[in-house]
Amino acid sequence: YLGDDEAAKPYADVASAGCNLWRNWHDIQCNWPSLSSIIDHWGDYSDVLQAVAGPGRWNDPDMLLIGAMDSTGAACLTLAEERTQLALWSLWAAPLIMGN
């Protein structure tokens, strides 16, 4: 993670050094506000994020919370929120890594 301003990140340098996957925002937490902040960040910087992704290069908005539970055993997200996350991660061509 290299900070909040996507336009200031050295994507060309990290790609030329062999990095092909980079995290774009803070670590996701087991709740909708955390997921929503990632969605908002991508909305704010979609032009930059689209430009740096491509064959062999991926933006990583973090793991999927689908099916994940918090420490009390409660689901992190509602079914609608899980569907929203999977749809957006798929549209963004993000790695679909389960965190549960």
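Is Ala-68 buried or exposed in this predicted model? Ala-68 counts as buried, at 9% relative accessibility. The legends below start from this residue and then turn to other parts of the model.

**Figure 1. Ala-68 and its surroundings in the loop between β2 and α4.** Ala-68 is found in the loop that runs between β2 and α4. With a relative accessibility of 9%, Ala-68 is classed as buried, because buried means under 20% relative accessible area. Leaving aside residues up to four places away in sequence, Ala-68 touches Ala-74, Ala-75, Cys-76 and Asn-100. One of these contacts, Cys-76, takes part in the disulfide of Figure 2. Ala-68 can also be placed relative to Leu-86: the two are 18 residues apart along the chain, and their C-alpha atoms are separated by 13 Å.

**Figure 2. The disulfide between Cys-30 and Cys-76.** A disulfide is a covalent bond between the sulfur atoms of two cysteines. A search of the whole structure finds 1 disulfide. The disulfide joins Cys-30 to Cys-76, with an S to S distance of 1.6 Å. The link of Cys-30 and Cys-76 is left-handed, with -95 degrees about the S-S bond. Cys-30 lies in the loop between β1 (21-23) and α2, and Cys-76 in the loop between β2 (58-60) and α4 (79-91), so the pair ties together parts that are 46 residues apart in sequence. Cys-30 is partly exposed, at 30% relative accessibility, whereas Cys-76 is buried, with a relative accessible area of 9%. Another cysteine, Cys-19, has a relative accessible area of 31% and is partly exposed.

**Figure 3. The largest nonpolar core.** This core has 20 residues. Tyr-11, Leu-35, Ile-38 and Trp-89 are those with the most contacts inside it. The elements that give two or more residues to the core are α2 (32-44) and α3 (46-52). Of the elements, α2 gives the most, with 4 residues.

**Figure 4. Contacts of Tyr-11.** Which residues does Tyr-11 touch, not counting residues up to four places away in sequence? They are Glu-6, Trp-22, Asn-24, Val-48, Leu-49 and Val-52. Tyr-11 is also among the residues with the most contacts inside the largest nonpolar core.

**Figure 5. The largest pocket and its lining.** About 180 Å³ of space lies in the largest pocket. How many residues line the largest pocket? The lining has 13 residues, and those nearest the centre of the pocket are Trp-42, Gln-50, Asn-59, Leu-91 and Trp-92. Two or more lining residues come from each of α2, α3 and β2. The largest share of the lining, 3 residues, is given by α3. Sorted by class, the lining has 7 nonpolar, 5 polar and 1 charged residues.

**Figure 6. Two residues with positive phi, Asp-62 and Ala-93.** Most residues other than glycine have a negative phi. Phi of Asp-62 is near 110 degrees, a positive value in a residue other than glycine. Asp-62 is found in the loop between β2 and α4 and is buried, with a relative accessible area of 9%. Ala-93 also has a positive phi, near 55 degrees. Ala-93 has its place in the segment after α4 and is partly exposed, with a relative accessible area of 48%.

**Figure 7. Asp-44 in helix α2 and Ser-46 in helix α3.** Asp-44 is found in helix α2. Is Asp-44 buried or exposed? Asp-44 is exposed, with a relative accessible area of 60%, because exposed means over 50%. Asp-44 and Glu-6 are 38 residues apart in sequence, and 9.3 Å apart in space from C-alpha to C-alpha. Glu-6 is also one of the residues that Tyr-11 touches. Ser-46 lies in helix α3 and counts as partly exposed, at 32% relative accessibility. Between Ser-46 and Trp-89 there are 13 Å in space, C-alpha to C-alpha, and the two are 43 residues apart in sequence. Trp-89 is among the residues with the most contacts inside the largest nonpolar core.

Conventions:
Residues are numbered from 1 along each chain as its sequence is written. This is a predicted model: local features need pLDDT of at least 70, side-chain atom pairs count only at pLDDT 80 or more; totals for chains, interfaces and linings use all residues. Side-chain values use heavy atoms; hydrogens and water are left out. A nonpolar core is a set of buried Ala, Val, Leu, Ile, Met, Phe, Trp, Tyr and Cys residues joined through side-chain atoms within 4.5 Å. Buried means under 20% relative accessible area, exposed over 50%, partly exposed in between (1.4 Å probe, protein chains only). Contact means heavy atoms within 4.5 Å. A disulfide is a pair of cysteine sulfur atoms within 2.5 Å. On a 1 Å grid over the protein atoms alone, a cavity is a set of points where a 1.4 Å probe fits but cannot get out, and a pocket is an open set with protein on both sides within 12 Å along at least five of seven lines; lining residues have an atom within 4 Å of a point. Grid points are joined across faces, edges and corners, and a volume is the space filled by probe spheres set on the points. Ala, Val, Leu, Ile, Met, Phe, Trp, Tyr, Cys and Pro count as nonpolar, Asp, Glu, Lys and Arg as charged, and the others, Gly among them, as polar.
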